[in-house]
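Reader: Hello! I am new to this structure and would love a close look at one part, with its neighbours explained as you go.

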Amino acid sequence: CHVVSLVKLLTLNYFPSRTLCTLPSQGLEKFSLSGSQSPVVGFLGQDVLLPCQLSPPAQLPNMDVQWRKIGQEFILVHEYADRGTQELPGAGYQNRTELFPSDFSSGNISLKLKMLQITDNGKYQCFVRDAEWSHEAITELRVAAVAPVFIDVLGSRGQGIGLACRSAGWFPKPELQWVGKNWQNLAMDIVTDVTEDRENLYSVVSHVTVTEREGSGDISCIVRNRMVDTEQQSAIHLSSEF
Ligand SMILES: *[C@@H]1O[C@H](CO)[C@@H](O)[C@H](O)[C@H]1NC(C)=O
């Protein structure tokens, strides 16, 4: 049986596994499965590839693949079984998943997840099984959302002029910062509110009153998503006559 198992390792695509003999489990431990070491980042509404690689590259005979989301229990995301005669997305993932069976022979069992939602955040398990062997690899997905930033001029406020900066549709909670060239002691006058909507997206609004003393020039509002190190900004120019 040991000899046969070596033959099988070398010619996996040609021998149906069960007709030879049952391999000792260590017979296939030459194989390993890996996901992504670092989290995969995707953006709301876009597509992302969750990697899963069998090494050394091979297509196991009668291989079953399950992609699952790890929660309190496993949620089936996509299943490929019985040489593809049953290839099914999990409930809630219709039209959002794609495996690439033509790449299986290079050990590539990556899953494309489409039209990302905030609730897709989390850990995913690539689970592969054949008659003698099963293995799993975990990859974390982080879904981020960024949105355009607007500055509104609200008019005169006492000695100065009121400005508002607003942006809606961020995930996770963003940071907001006002930046002006001649501008000091800004922090004292700023009021910033962050709210979360029903789709778990964050909106941010910040009010500031700029006084003449603080000078004219360009004033920017910068909103930043630290998770993906991405920022959006808007700027206005205040003339010295205001
Ligand atoms: C795996 O296959 C997908 C789909 O063809 C491809 O986009 C991806 O680059 C492949 N990954 C590797 C490591 O080859």
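Author: Here is a walk that begins at one residue and moves outward from there.

This is a predicted model, where local features need pLDDT of at least 70 and side-chain atom pairs count only at pLDDT 80 or more, while totals for chains, interfaces and linings use all residues. Residues are numbered from 1 along each chain as its sequence is written, and side-chain values use heavy atoms, leaving out hydrogens and water.

Let us start at Q66, which sits in strand β5 (residues 64–70). Strands are DSSP runs of E with at least two residues, helices are runs of H or I with at least four, and both are numbered from the N terminus. Q66 has a relative accessible area of 15%, so it counts as buried (buried is under 20%, exposed over 50%, partly exposed in between, with a 1.4 Å probe and protein chains only). Its side chain makes polar contacts with those of R68, at 3.0 Å, and E79, at 2.9 Å. A polar contact is a pair of N or O atoms within 3.5 Å; within protein, one must be able to donate a hydrogen and the other to accept it, and residues adjacent in sequence count only if both atoms are side-chain atoms.

Leaving aside residues up to four places away in sequence, Q66 touches L76, H78, E79, Q125, C126 and F127 (contact means heavy atoms within 4.5 Å). Two of those names, H78 and E79, come up again as the residues that L88 touches, with the same sequence neighbours not counted. L88 belongs to strand β7 (residues 86–89) and is partly exposed, its relative accessible area being 47%. Between the C-alpha atoms of L88 and L76, twelve residues apart along the chain, the separation is 9.5 Å.

C126, another residue touched by Q66, leads us to a disulfide. It pairs with C52, and their sulfur atoms are 2.0 Å apart (a disulfide is a pair of cysteine sulfur atoms within 2.5 Å). C52 lies in the loop between β3 (48–50) and β4 (53–55) and C126 in strand β10 (residues 122–129), so the bond ties together parts 74 residues apart in sequence. The S-S torsion of C52 and C126 is about -70 degrees, so this disulfide is left-handed. Both C52 and C126 are buried.

The count comes to two disulfides, and the other partners are C165 and C221, with an S to S distance of 1.9 Å. C165 is in strand β13 (residues 160–170) and C221 in strand β17 (residues 217–225), so this pair ties together parts 56 residues apart in sequence. Here the torsion about the S-S bond is about -80 degrees, so the disulfide of C165 and C221 is left-handed. C165 and C221 are buried.

To finish, here are two backbone details. A cis peptide bond, with omega about -10 degrees, joins S55 and P56; P56 lies in the loop between β4 and β5. Another cis peptide bond joins F171 and P172, again with omega about -10 degrees, and P172 is in the loop between β13 and β14 (175–180).
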